[in-house]
Amino acid sequence: MSDVTTGSEWEVVVGLEVHVELRTATKLFCSCPNSFGDVPNTNVCPVCLGLPGSLPVLNSRAVEMAATVGLALNARVQPSRFHRKNYFYPDMPKDYQISQYDLPICAAGWLDLPDGHRVGVERAHLEEDTGKSTHLGGGGRLHGSDGSLVDYNRAGVPLVEVVSAPDIRSAEQARSYVAELRSILVATGVSDGRMEEGSLRVDANVSVRRRGGTLGTRCEIKNLNSLRSLGRAIEHDAARQVAVVESGRQVSQETRHWNEEGGHTVPLRSKEEAFDYRYFPEPDLVPVEPPGELLDRLASEMPPLPAERRRRLIDLASEGRQPSRAAEDQVATVVDLGLDDLVLGAASRGASTRLALARAANEAATDPSAARGLSVESFAKLVSMEDSGRLSATQAKAVLARMLGEGGSPEQIAASLGYEALDPSQLSAAVETVLATNGAEWQRFVDGDEKVAGFFVGQVMRVTGGKADGRAVRQVLAQRRLDSLAP
Amino acid sequence: MTTAADIAGSVRSGQCSAVDVATAHLDRIDQLDRSLHCFLSVDRSGALGEAELVDRAVAAGRDPGPLAGVPVALKDNLCTRGTPTTCASRILDGWVPPYDATVVELLRRAGAVVVGKTNMDEFAMGSSTEHSAFGPTCNPHDPSRVPGGSSGGSAAAVASGMAALALGSDTGGSIRQPAALCGVVGLKPTYGMVSRYGLVAFASSLDQIGPFATSVADAALMLEVIAGHDPRDSTSIPSSPAAVLARLSDGVQGVRVGVVDELVEGASAEVVSAVSSAAEALAKAGASVESTRIPACRLGLSAYYLLAPAEASSNLARYDGVRYGLRVDGPDVEAMNVATRTAGFGDEVKRRIMLGTFALSSGYYDAYYGQAQKARTVVLDAFAAAYERFDLLLGATAPTTAFPLGDRTADPMSMYLSDVFTIPSNLAGHPAVSVPWTTGGDGLPVAVQLLGPALAEPLVLRAASVVEASAPGVPPPCGDFLPSDGTRSALPRQAVGSGSDGLPREGPA
Ligand SMILES: [Zn+2]
């Protein structure tokens, strides 16, 4: 996707607000289970239903997770307090949201994107989630619907809202920021990172300006449920804003809704229609001061973050040379899926890092949760078997698929599949058979057309039932050509 | 009157049955409450069932607890599982809490028998119980007068012997002022001493639950049952409360008492004279008594009438017709919200919601809410300074005796002034108790107020005990609506004397 403002006199300025559902066992202010997808209104109690007389009690695990987010984002984790954000909303049981306002738990951090661009993180604060409405009729929107059903299972689920500085300059950077943040949240165990389930929700503040000029009026875009939506919405709204300004009008400050099907944003409410939230300190809760010992413990328990894990793997895979783009992509995938320990483990057992990386990023990545359950020994063995030629690449992939699906050791699976490496004479015989029936292609290969090699590999695979190793076939072909050219 | 301690003692020792005590009080409610209207609901079968459990425990040799068989009334803003909790508001029409407030659990565990839920100003907003959606409560000493408020039903129920003890809530004086007007003891404990879990919130940073009783000792007894840390209330004090009863009669020898000018100023002559007499009584008992000034107390009323409505505007937002209580349908959600709230809330509640919403609005926050918070800090600092020189403070509870029904409803400001002496303790979060002193010329009760620093309940109640013992006292109400034979038959013989009204009465102290 190319950026609308690339190469033009216009620059897009983006700040992102990312709402992260924390993976606590229970909700933020009560002991109801924090779980997704249960029967509606079963994970509720007087507190999260906001029944008269009920009072919130802060979940200390949520505080620890929020502090962990702060530490991972290089932020200051500070004494904080809760405020009430007042507005009427049927999904919100108390008609106010308990959130943080003037003193968020985390302030003044940053996040480095993989390309090296640094994005400031102004704050990260704790707040409670709302319930979820289903509107009957009226196209699924509240307005014009025949009636609404509300599920309060999500009401009171802990959220951390991470607010970036307006340091993002393209849709690509915005996607990269969210992807990197997501990796960090998954790595630290505070979130499952599932955007499609709403575990991670993004609002984008977008404005445009002439390069180097003063900031323009911003619009807040809501309903960005995927990285794709995020990128498209920023592209679209930046283009819309440029068109508005170029036509001599002014961008009005408003909240806009991203329409995924239509591929455009529509106004939701103007600045004048914005709520007056009447924030005031939450009198039912006391200030939160994470003790220094807790922060020390959280810091010491901090797992290696994705940037460091990528660096470690790249260093290993590139062996001092400039890493290829393909290798970088494989490393990013492997780290993102949490398969880097598998690759590192295989490498430390003597398996080829390059091959382990490829199998992890391509085949294991198709079923990441099964892949994370693989034993490092088995995976290392599989890679070594392929590397030594005992298994062909095709066979190795089939064995790996079986390991992911049903488990078992690679040796046993290979044996049960009848994968025995062909001995050299069997392989030569197979090659000869193929060459005998494809004389024209052979001549082209002898004349230097390297692409025909792939064709021969495929043919040899066919006659050997996939048992041949592609590299071995290529070696035999090359030797055979040398022999035929010899005087 | 028979004290709660006497009832509990007799029931625990098997001298009288909890069912008999409960029956006698329920019968009295049947007889009296048509005229007084203290109760919004009475759960006769529930009360008798609880009483029977108490009797069975005694028969089985188990101790039912310090309030065994004591009939207790609960202000109708305390959640009771399975019975309606209305806050005297139409908006909670039909709502039945699925849980008991912590204090209700504690009372039941101590053997108390809940006889019913009492009338109040809607959502505790008022000083006369006239702002109840279900009609006012009358003062048992003169049914043409108000009982005070907002916990007027609880105060009047205890004053008229329909319950031996009652709970109320005090946000700006809502326990102490009706206690004063009805001639009973009313205590507002330190903020956080009693769990607020299950108390329907009016102004969360000021609300506190406390007892009504016919004696200081009974108030202390009830306080010991309901006080203590509750993990369900984050503002609950972590430490366990000091024992109060054990040292209740230790006296006030050497205790430094300051009589606060600002807590007497503007009171009627008989109220002023009651405070002076109480001061003399304390001095006579060995306290050093001095007059003092705390000018910051004057900031209390205006700060309170910004802070309490601000919190209330948020606390009462949830009554939107979506989940429970009243719903008045409309073409869309917002219209339904508006129609429900318009129909469900009374004028005083609407007035305070609007006031509070305004005080928190962007552009006005600093001038109103912010300023009021600063004033609250000033009051707190002034008390802290005063408590460097004094152990306790003394003043009036209410500026006047009970006023006639309808007298102040048309003029909110005059109603708000009823709380001028009680509000400072709520702003500071400190304990304060109203103790009956005597009856005024109009035959209505006059009371004094004792105030102490945070957690000073033991000392405050010791001094209250001294005042109580020296007071001319308030005789039980003797209106026409009272029956000639009250609860005598069910009550322990040896504990009662006969009052002038023919009601059981404890012998003079
Ligand atoms: Zn819950």
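Is B:R232 buried, partly exposed or exposed? B:R232 is partly exposed, its relative accessible area being 29%. The legends below describe close-up views of a predicted model, beginning with this residue.

**View 1. A salt bridge joins B:D230 and B:R232.** The closest approach of the two side chains, N to O, is 3.5 Å. The partners differ in their surroundings: B:D230 counts as buried, at 5% relative accessibility, whereas B:R232 is partly exposed at 29%. In general, side chains of opposite charge can pair when their charged atoms come close.

**View 2. B:E265 and B:R293 form a salt bridge between two loops of chain B.** The closest N and O atoms of this pair are 3.0 Å apart. B:E265 lies in the loop between β7 (256-260) and α8 (269-284), and B:R293 lies in the loop between β8 (288-292) and α9 (300-315), so the contact ties together parts that are 28 residues apart in sequence. B:E265 is partly exposed, with 36% relative accessibility. B:R293 is likewise classed as partly exposed, at 42%. Elsewhere, salt bridges with shared partners connect A:R84, A:E282, A:D284, B:R196 and B:D233 in one network.

**View 3. A:E377 and A:R349 meet in a salt bridge within chain A.** Their closest N and O atoms are separated by 2.9 Å. A:E377 belongs to helix α10 (residues 376-387), while A:R349 sits in the loop between α7 (340-348) and α8 (353-362); the pair thus links distant parts of the chain, 28 residues apart. A:E377 is partly exposed, with a relative accessible area of 46%, and A:R349 is partly exposed too, at 43%. Over all chains, the count of salt bridges comes to 60.

**View 4. Four cysteines of chain A coordinate the zinc ion.** The donors are the SG atoms of A:C30, A:C32, A:C45 and A:C48, at 2.3 to 2.4 Å from the metal. What arrangement do the four donor atoms around the zinc ion make? The arrangement is tetrahedral, because the angles that the donors subtend run from 100 to 114°. For comparison, the ideal angle for four tetrahedral donors is 109.5 degrees. Along the sequence, the donor residues follow the spacing C-x1-C-x12-C-x2-C. A:C30 and A:C48 are 18 residues apart, and both are in the loop between β1 (10-21) and α1 (60-72) of chain A. A:C30 counts as buried at 13% relative accessibility, and A:C48 is buried at 7%.

**View 5. B:F123 is part of the largest nonpolar core.** This core has 240 residues, of which A:L16, A:Y177 and B:F123 touch the most other members. The element that gives the most to the core is α9(B), with nine residues. Beyond its neighbours up to four places away in sequence, B:F123 touches residues that include B:C87, B:I91, B:L92, B:V200, B:F202, B:L316, B:Y319 and B:F345. Another core, of 34 residues, lies apart from the largest one; among its members are A:L339, A:A356, A:M385 and A:L400. In soluble globular proteins, nonpolar side chains tend to be buried together.

**View 6. Nine strands of chain A form an open sheet with mixed pairing.** The strand order is β2-β5-β6-β9-β1-β10-β11-β12-β13. At the edges stand β2 (76-77) and β13 (264-270), each with a single partner strand, so one side of each has no neighbour in the sheet. Within the sheet, β5 (residues 106-112) and β6 (residues 118-128) pair in the antiparallel sense over six bridges. A:W110 stands opposite A:G120 in β6(A).

**View 7. A:V460 is a buried residue of helix α15 in chain A.** The helix spans residues 452-463, and the relative accessibility of A:V460 is 1%. Apart from residues within four places in sequence, A:V460 is in contact with A:L427, A:A430, A:V431, A:V434, A:A468 and A:V473. The C-alpha atoms of A:V460 and A:A429 are 9.8 Å apart, with their positions 31 residues apart in sequence.

**View 8. A:R218 occupies the loop between β10 (200-210) and β11 (219-224) of chain A.** The residue is partly exposed, at 42% relative accessibility. Not counting residues up to four places away, A:R218 touches A:N205, A:V206, A:S207, A:Q253 and A:E254. A:R218 and A:G15 are 203 residues apart along the chain, yet 9.6 Å separates their C-alpha atoms.

Key. Residues are numbered from 1 along each chain as its sequence is written. Chains are lettered from A and ligands numbered from 1 in the order in which they are written. This is a predicted model: local features need pLDDT of at least 70, side-chain atom pairs count only at pLDDT 80 or more; totals for chains, interfaces and linings use all residues. Side-chain values use heavy atoms; hydrogens and water are left out. A salt bridge is a side-chain nitrogen of Lys or Arg within 4 Å of a carboxyl oxygen of Asp or Glu. Helices (H or I, at least four residues) and strands (E, at least two) are DSSP runs, numbered from the N terminus. Buried means under 20% relative accessible area, exposed over 50%, partly exposed in between (1.4 Å probe, protein chains only). A nonpolar core is a set of buried Ala, Val, Leu, Ile, Met, Phe, Trp, Tyr and Cys residues joined through side-chain atoms within 4.5 Å. Contact means heavy atoms within 4.5 Å. Donors are N, O and S atoms within 2.8 Å of the metal (3.2 Å for Na, K and Ca); water is not among the atoms, so sites may look incomplete. Four donors count as tetrahedral if all angles lie between 85 and 135 degrees; four count as square planar and six as octahedral if opposite donors are over 155 degrees apart and all others between 65 and 115; anything else is irregular. Two strands pair if DSSP finds at least two bridges between them.
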